[in-house]
Amino acid sequence: PNQSELQMDVTRPFADTLRCRGVARVDNGLSYDTAMKLQSLIDETLESSIDEVENFRAPRSFRFANVLEKANRWDLLLPFDEGSVEDRSSDVVLQAMSELVGNGGKIGHILDEMLGEDAILYEFACIISDAGSSRQEIHPDIVFSNGKIPLIACFVSLQDIDFSMGPTVFIPDTVTADAHERINDENLA
């Protein structure tokens, strides 16, 4: 919500916007059909993951990453290995990844330009914010590294988001030493 200033400047390539502003918005990354299938898979995976953790069949760290403002919010680690999930899951996940980073994918060319073709997928996860979630406190997803881009976080919305779900807020122009010093200073944060 209210992130319209992040719309793509059609006169500037996405990678340039990302490099200069620290954030870029790419609309329609997934087809509606793929988004709905992925959302269904995520709902099923969340339910089974909560059950596995609560019944001591899997350690929490195998199913969930650490997330700020935990009430009504999960950072669910998604399956990405074909050998470890059902065929349906693999198909949906691979279809989504193909639409995003495959040939003609919406963000693949940006990642190639910014990180190179040998970039590594570090984590494939889903932040789930149900109604009643508080917005996460302002924080950087990566440490500042003097102008180098060590990591790119890509957020893909699978549904409309409203303020009751504690939406993620992106703040352009904060990938700077000064902004990171300020957010890490307890007196200023």
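This report describes the fold, the core, helix H2 and selected surface and loop residues of a predicted protein model.

Because the model is predicted, local features require a pLDDT of at least 70 and side-chain atom pairs count only at pLDDT 80 or more, while totals for chains, interfaces and linings use all residues. Residues are numbered from 1 along each chain as its sequence is written, and side-chain values use heavy atoms, with hydrogens and water left out.

**Overall fold**

The protein contains 6 helices and 2 strands, where helices (H or I, at least four residues) and strands (E, at least two) are DSSP runs numbered from the N terminus. Along the sequence these elements follow the order α-α-α-β-α-α-β-α. Of the 189 residues, 30% count as buried; buried denotes under 20% relative accessible area, exposed over 50%, and partly exposed in between (1.4 Å probe, protein chains only). The exposed surface amounts to about 12,600 Å², of which carbon and sulfur atoms supply 49%. Accessible areas come from the Shrake-Rupley method with a 1.4 Å probe, and for residues only the protein chains shown count as cover. Among contacts with a separation of 6 or more, 68% join residues 24 or more positions apart, a contact being heavy atoms within 4.5 Å.

**The nonpolar core**

A nonpolar core is a set of buried Ala, Val, Leu, Ile, Met, Phe, Trp, Tyr and Cys residues joined through side-chain atoms within 4.5 Å. The largest such core has 27 residues, and Leu30, Leu38, Ile42, Leu76 and Ile110 touch the most other members. At least two residues each come from helix H1 (14–21), H2, helix H4 (87–101), helix H5 (108–115) and S2. The greatest contribution is that of H2, with 6 residues. Beyond four places in sequence, leucine 76 contacts Ile42, Thr45, Leu46, Ser49, Arg63, Phe64, Phe124, Ala125, Cys126 and Ile128.

**Helix H2**

H2 comprises 23 residues and spans 33 Å from its first C-alpha to its last, close to the expected 33 Å at 1.5 Å a residue; the expected span is 1.5 Å times one less than the number of residues. Its buried residues are Thr34, Ala35, Leu38, Gln39, Leu41, Ile42, Thr45, Leu46, Ser49 and Val53. Threonine 34 belongs to this helix (residues 32–54) and counts as buried because its relative accessibility is 5%. Apart from neighbours within four places in sequence, threonine 34 contacts Gln95, Ala96 and Glu99.

**Loops and surface**

Most residues other than glycine have a negative phi. Two loop residues with positive phi values are compared below.

| Residue | Phi | Loop |
|---|---|---|
| Asparagine 28 | near 55° | between H1 and H2 |
| Phenylalanine 56 | near 60° | between H2 and helix H3 (60–63) |

Asparagine 28 is exposed, with a relative accessible area of 65%. Phenylalanine 56, which comes just after H2, is exposed with a relative accessible area of 77%.

Ile138, Val169 and Ile171 form a nonpolar surface patch of about 220 Å². Patches consist of residues with over 30% relative accessible area and no salt bridge, with like charges joined within 9 Å and nonpolar side chains (Val, Leu, Ile, Met, Phe, Trp, Tyr) within 5 Å. A salt bridge is a side-chain nitrogen of Lys or Arg within 4 Å of a carboxyl oxygen of Asp or Glu. Valine 169 is located in the loop between strand S2 (125–129) and helix H6 (177–184), and its relative accessibility of 39% makes valine 169 partly exposed.
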